Amino acid sequence: MKPVSILRHGFVGLVAVWSVFPFVWMAVAATNSSADVIKGRTLPGGYLIENIQAFMTAVDLPRVLWNSAIISGVGTVLTLTVSALAGYGFEMFRSRFRERVFAGLMLMLSIPFAALMIPLFVMMAKAKLINSYSAVILPMVASVFVIFYFRQATKAFPRELRDAAKIDGLSEWQIFAFVYVPVMRSTFAAATIIVFMANWNNYLWPLVVLQTNDKFTLTLAVASVGIGYTPDYGLIMVGAIAATLPTLLIFFLLQRRFVEGMLGAVK
Amino acid sequence: MASGVARREGIAGWGFVMPALVLLGVFMIYPILSSLWMSFQVGKGMNLQFGGFRNIARLAGDAVFLKALANTLLFLVIQVPIMLVTGLVLAAILNDQTFRGRTVYRAMIFLPCVTSLAAYSVVFKAMFTADGVINHVLMALHLSDTGVPWMTDPFWARVLVIIAITWRWTGYNMVFYLAAMQNIDRSIYEAARIDGVPVWARFSRLTLPMMKPVILFTTVISTIGTLQLFDEPNLLTRGGPSDATLTLSMYIYKLSFQFMPSFGYAATVSYVIVLLVGLLTVVQFFFARDRLK
């Protein structure tokens, strides 16, 4: 090998190993006692069962999994519905005024969530929605990013299909439901992954509006056991694995679509 | 009748976009205006009254705010360039069709992107303890004699946050670059290669200019993300030691939801982020356009 080639392999290899190392170490640490984890033990130990038991005692896993599933699932369905309708509407029915509205939406892409958080919290408090699923889901439903993603994808939707369906007597809504949705299923699949992951992993907003353990999401539960000054690291590693496993699984099952989905928005 | 069709089209068009517009109005436009209004109000909890520019004056004398601002800008200025350059170099190497193992490497480097910020932050926290696995490795390699005080020293705590964010997001940016590189017509490279243009010149003169839009895109999203940094410092270092890793978002959270809430002042701090995001986005677009000429 040429020196340049060795250098390139060395660099990429180093980054790749470093990228994977925390995953491996997380799995190893889950089998060790907290004291061993803090001491940096790199060999698997015999504490896995104890750590799992400790985690299950500290966190009501079925409960938080259910909360996460409801919040991420309902949130994803709503976001996709609203955003696909909007993306389709903006692309298929052009008018000068709607183009201006769309340009306005693009400006909203750069509004930081930190600036919305306090009014949203006050709004939820007034609506008596604090500590409810709705409070977590509602502000996340309309996403400028996902609307933009659907509009970009809709550019590839053949207009002739819509014209043909119209001649067959379908209404605009029927065309959307029975022609557009099936044709664009790979776009929907990619968007599902992005939105589901974002909801599943969301931390700050659920932290603000969810206040009791029985409403916590898995992400929140893992963060809350991990945040103490003398945390039980063995237990925490089990939690980190539980929080990572679902998204890791989605990644391995749908790797191609996953990456496509991320990129779709910038094409 | 043409006008009838057009009107029906218009109504259907609004019908499709209306649910999104209503939701954005309620959960985005109203809150952003509301926090602008709140930023002129003073008081504790829900008892707010108009305070004019008192909050803005308070910013200038608030040492914690100034520290959080400095930390956030420091993370931005140091971390974003490191991450984007690394991502770009990785993409350039992995885009080479003859590079062995490129698909495996690509998957490995992308892997951090699937973790939740909360989960990886607690894992990093355990890895970087005083007697932890990272310090063991550093001492074994004789890079450090006694181990690095990651959590207790202000400088190293900042380094730790930068290491963590870079770990999580480099692969994410790399994927954008790879996709953009794959869209570049290979025959251009062939022609340049035959003309004897060296590798690095091909990269800087051919690849980089064509990558400008995607580099701009990643710079803008990374800037917005870093200015809102919350999860990692909150879970890794809790903003410490002595506020060395406190960010603006964390300060807003603390002002609003810990101790006695000062929503008005917190809203003022949040508008600092809004202004920074707006300003930097404009600057970045300006730079990109200027360089294009």
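Me: Does B:Ser242 count as buried, partly exposed or exposed, and what is its number of C-beta neighbours inside 10 Å?

Reply: This is a predicted model. A residue is exposed if 12 or fewer other C-beta atoms lie within 10 Å of its own. B:Ser242 counts as exposed because there are 10 such neighbours. This serine is placed in the loop between α11 (231–236) and α12 of chain B.

Me: What is the phi of B:Ser242, and how should its sign be read?

Reply: Most residues other than glycine have a negative phi. B:Ser242 is not a glycine, yet its phi is positive, at about 40°.

Me: Which sign does the phi of A:Asn131 have, positive or negative?

Reply: A:Asn131 has a positive phi, near 70°, and is a residue other than glycine. The loop between α6 (114–126) and α7 (133–141) of chain A contains this asparagine. A:Asn131 counts as partly exposed, because 14 C-beta neighbours lie inside 10 Å.

Me: How is the burial of a whole helix to be read, for example that of helix α13 (residues 218–226) of chain A?

Reply: One counts how many of its residues are buried. In this helix 8 of the 9 residues are buried, so the helix is largely enclosed by the rest of the structure. Among the buried residues are A:Leu218, A:Leu220 and A:Val222.

Me: What surrounds A:Val222, leaving aside its neighbours within four places in sequence?

Reply: A:Val222 is in contact with A:Gly239, A:Ala240 and A:Ala243, and also with B:Ala118, B:Ala119 and B:Val122.

Me: Which residues have the most contacts inside the largest nonpolar core?

Reply: In soluble globular proteins, nonpolar side chains tend to be buried together. Here the largest nonpolar core has 158 residues, and those with the most contacts inside it are A:Val222, A:Met237, A:Ala240 and B:Ala20. Helix α7 (residues 154–182) of chain B supplies the largest share of this core, 13 residues.

Me: How many residues does each chain bring to the contact between them?

Reply: Chain A brings 69 residues and chain B brings 72. On the side of chain A that touches chain B, helix α1 (residues 3–29) of chain A gives the most, with 11 residues. That side of chain A divides into 52 nonpolar, 13 polar and 4 charged residues.

Me: Where does B:Ser256 lie, and is this residue buried or exposed?

Reply: B:Ser256 lies in helix α12 (residues 248–257) of chain B. B:Ser256 is buried, because 22 other C-beta atoms lie within 10 Å. Leaving aside neighbours within four places in sequence, its contacts are A:Ile118, B:Pro261, B:Phe263 and B:Ala266. B:Ser256 and B:Gly45 are 211 residues apart in sequence and 8.5 Å apart in space, C-alpha to C-alpha.

Note on methods:
Residues numbered from 1 in each chain as written. Chains lettered and ligands numbered in written order. Predicted model: local features only at pLDDT ≥ 70, side-chain atom pairs only at ≥ 80, totals over all residues. Core = buried A, V, L, I, M, F, W, Y, C linked by C-beta atoms within 7 Å. Buried ≥ 20, exposed ≤ 12 C-beta atoms within 10 Å, placed from the backbone. Helix = DSSP H or I, 4+ residues; strand = E, 2+ residues; numbered from the N terminus. Contact = placed C-beta atoms within 7 Å. Nonpolar A, V, L, I, M, F, W, Y, C, P; charged D, E, K, R; others polar.
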